[in-house]
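Work through the following exercises with the sequence and the model open side by side. Each task is followed by a solution that goes step by step.

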Amino acid sequence: MKLLCTSDQLLEAQSRGFEINGRKLFATRRNGQVFVYDNRCPHRGVPLEWQPDQFLDPSASLIHCATHGALFLIESGECVAGPCEGRSLTGIASHEDHQGVWIETPASD
Ligand code: FES
């Protein structure tokens, strides 16, 4: 396991990008729970954010790909609108304790 960030670095409705062992990830928090995904759109394999640490749509209720506007459910990573509808982001197992947010160390591809 690897410590991704402290809990106060990822507040409700925020998102944050990371690079771990050369692999791009992002994390967001919704209803108190943290979700971590590969920062790679299933449409074209590109990073999702339009500027650093901005992975959500304006309502902060969906994950947004800046390239062609795909929208993904925060809880499952499933694309619900856009060119990759029905496909999903790759989730990364995580848990949170008093130290912060931990992830399973992803294998470098
Ligand atoms: S690359 Fe993400 S929607 Fe096309």
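For the charge count, Lys and Arg are taken as positive and Asp and Glu as negative, while His and the chain ends are not counted; the place of a charge is NZ of Lys, CZ of Arg, CG of Asp or CD of Glu. The model is predicted, so that local features need pLDDT of at least 70 and side-chain atom pairs count only at pLDDT 80 or more, whereas totals for chains, interfaces and linings use all residues. Residues are numbered from 1 along each chain as its sequence is written, and side-chain values use heavy atoms, with hydrogens and water left out.

**Exercise 1. Charges and surface**

Task: State how many positive and negative side chains the protein chain has, and how far apart the centres of the two sets lie.

Solution: Counting by the convention above gives 9 positive and 14 negative side chains in the protein chain. The centres of these two sets are 6 Å apart. As for the surface, the protein chain exposes about 5,800 Å², of which carbon and sulfur atoms supply 47%; such areas come from the Shrake-Rupley method with a 1.4 Å probe, and for residues only the protein chains shown count as cover.

**Exercise 2. Fold and overall dimensions**

Task: Determine how many helices and strands the protein chain contains, and compare its radius of gyration with the globule rule.

Solution: Helices (H or I, at least four residues) and strands (E, at least two) are DSSP runs, numbered from the N terminus. By this criterion the protein chain has zero helices and 10 strands. The radius of gyration of the protein chain is 13 Å, close to the 13 Å that the globule rule gives for 109 residues, so the chain is as compact as a globular protein of that length; the radius is taken over C-alpha atoms, and the rule is 2.2 Å times the number of residues to the power 0.38. Along its principal axes, the C-alpha trace spans about 40 × 30 × 25 Å.

**Exercise 3. The nonpolar cores**

Task: Identify which residues of the largest nonpolar core touch the most other members, and list the contacts of Leu 89.

Solution: Begin with burial, where buried means under 20% relative accessible area, exposed over 50%, and partly exposed in between (1.4 Å probe, protein chains only). Buried residues account for 37% of the 109 residues. A nonpolar core is a set of buried Ala, Val, Leu, Ile, Met, Phe, Trp, Tyr and Cys residues joined through side-chain atoms within 4.5 Å. The largest core has 15 residues, and those touching the most other members are Phe 26, Leu 48, Ile 63, Phe 72 and Leu 89. With contact meaning heavy atoms within 4.5 Å, and leaving aside neighbours within four places in sequence, Leu 89 is in contact with Phe 26, Tyr 37, Asp 38, Arg 40, Pro 42, Leu 48, Ile 63, Phe 72 and Gly 77. A second, separate core of 12 residues includes Cys 5, Leu 10, Phe 18 and Leu 25.

**Exercise 4. Two residues with positive phi**

Task: Locate Asn 21 and Ala 60, and decide whether each is buried, partly exposed or exposed.

Solution: Most residues other than glycine have a negative phi. Asn 21, although not a glycine, has a positive phi of about 50°; it lies in the loop between β2 (15–20) and β3 (23–30) and is exposed, with a relative accessible area of 53%. Ala 60, also not a glycine, has a positive phi of about 60°; its place is in the loop between β4 and β5, and at 22% relative accessibility it counts as partly exposed.
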